[in-house]
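Visitor: Please take a close look at one part of this model for me. I would like to hear about the surroundings of the ligand, and then how the neighbouring helices pack.

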Amino acid sequence: MFPGSRPFMLSDLSLLIQISAFFLLIYAVYRRRKSIASHGKIASVAFYLVLPAIFYMVYNRAQGLTLPYYNWILSFHMLLGIMTIITGIIFVTNQWKWKIKKYMDLEILLWTGTFLLGITVYILLFYPVLLESVSLLRFV
Ligand code: HEM
């Protein structure tokens, strides 16, 4: 993704989609005090936006993708990712008895955790040298 380092890949596109969706989600959270209807719409758009990237990630995993280091991070990412999707489906399909603040807070927490782990997965896959430079991979 950085200029001159390697060709642009689908994983880069997936990353850009995930970043846009995450910012949209944050914006939806910010909107909730102004209009609850637009909060719901924007959060749903964020969810639909992320779907193609999720299909791509699941496909990659099904093809046997693993990490060169710390593969447990990928497993943890997938576990949180699946939980994020399940809670997301509950909200976008308007299951009202679950649409309460405490579950929405849980969804934001799950999404944020999955997203940050996803960024870590991306760095481990394509730029492990960045982690070496902060000595995180020295003991592997
Ligand atoms: C809302 C849910 C999810 C979010 C926000 C998310 C986020 C991310 C991000 C930001 C990356 C790095 C960019 C990339 O390479 O695509 C990534 C990579 C990855 N994720 Fe997820 N993820 C989610 C769900 C899942 C699920 C459900 C799985 C598998 C069951 C999964 C498997 C992977 C794999 C294998 C990669 C490695 C690289 C790739 O395939 O592109 N993710 N994820």
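Guide: What follows starts at the ligand and works outward through the helices to the loops. Keep in mind that this is a predicted model.

Start with the ligand. It is surrounded by 26 residues. The closest are S14, M57, N60, G81 and G118. Four helices each supply at least two residues of this shell: α1 (10-31), α2 (36-62), α3 (71-92) and α4 (101-126). The largest share comes from α4, with eight residues. By class, the shell holds 16 nonpolar residues, nine polar ones and one charged one.

Now the largest nonpolar core. This core has 15 residues. Those with the most contacts inside it are A21, L25, A28, A43, A46 and V50. The elements that give two or more residues to the core are α1, α2 and α4. Here α2 gives the most, seven residues. Take A21 as one example from the core. Leaving out residues up to four places away in sequence, A21 touches A46, L49 and V50.

Next, α2 against α3. The two helices pack at an angle of about 145°. Their axes lie 11 Å apart. The crossing is left-handed. From α2, the residues in the contact are A43, S44, F47, I54 and R61. From α3, they are M78, I85, G88, F91 and V92. Sorted by class, this contact has seven nonpolar residues, two polar and one charged. A43 links two parts of this picture: A43 is among the residues with the most contacts inside the core, and A43 also takes part in the meeting of α2 with α3.

Last, the loops on either side of α3. Y70 sits in the loop between α2 and α3. Y70 is not a glycine, yet its phi is positive, about 50°. Is Y70 exposed or only partly exposed? Y70 counts as partly exposed because it has 17 C-beta neighbours inside 10 Å. N94 is found in the loop between α3 and α4. N94 also has a positive phi, about 55°, and is not a glycine. N94 has 10 C-beta neighbours inside 10 Å, so N94 counts as exposed. The cut-off for exposed is 12 or fewer such neighbours.

To recap the ligand shell: α1, α2, α3 and α4 each supply at least two residues, and α4 supplies the largest share.

Terms used. Residues numbered from 1 in each chain as written. Predicted model: local features only at pLDDT ≥ 70, side-chain atom pairs only at ≥ 80, totals over all residues. Near = placed C-beta within 6 Å. Nonpolar A, V, L, I, M, F, W, Y, C, P; charged D, E, K, R; others polar. Core = buried A, V, L, I, M, F, W, Y, C linked by C-beta atoms within 7 Å. Buried ≥ 20, exposed ≤ 12 C-beta atoms within 10 Å, placed from the backbone. Contact = placed C-beta atoms within 7 Å. Axes fitted to C-alpha atoms, helices over the stretch in contact; angles between N-to-C directions. Left-handed = near helix turned anticlockwise from the far one by under 90°.
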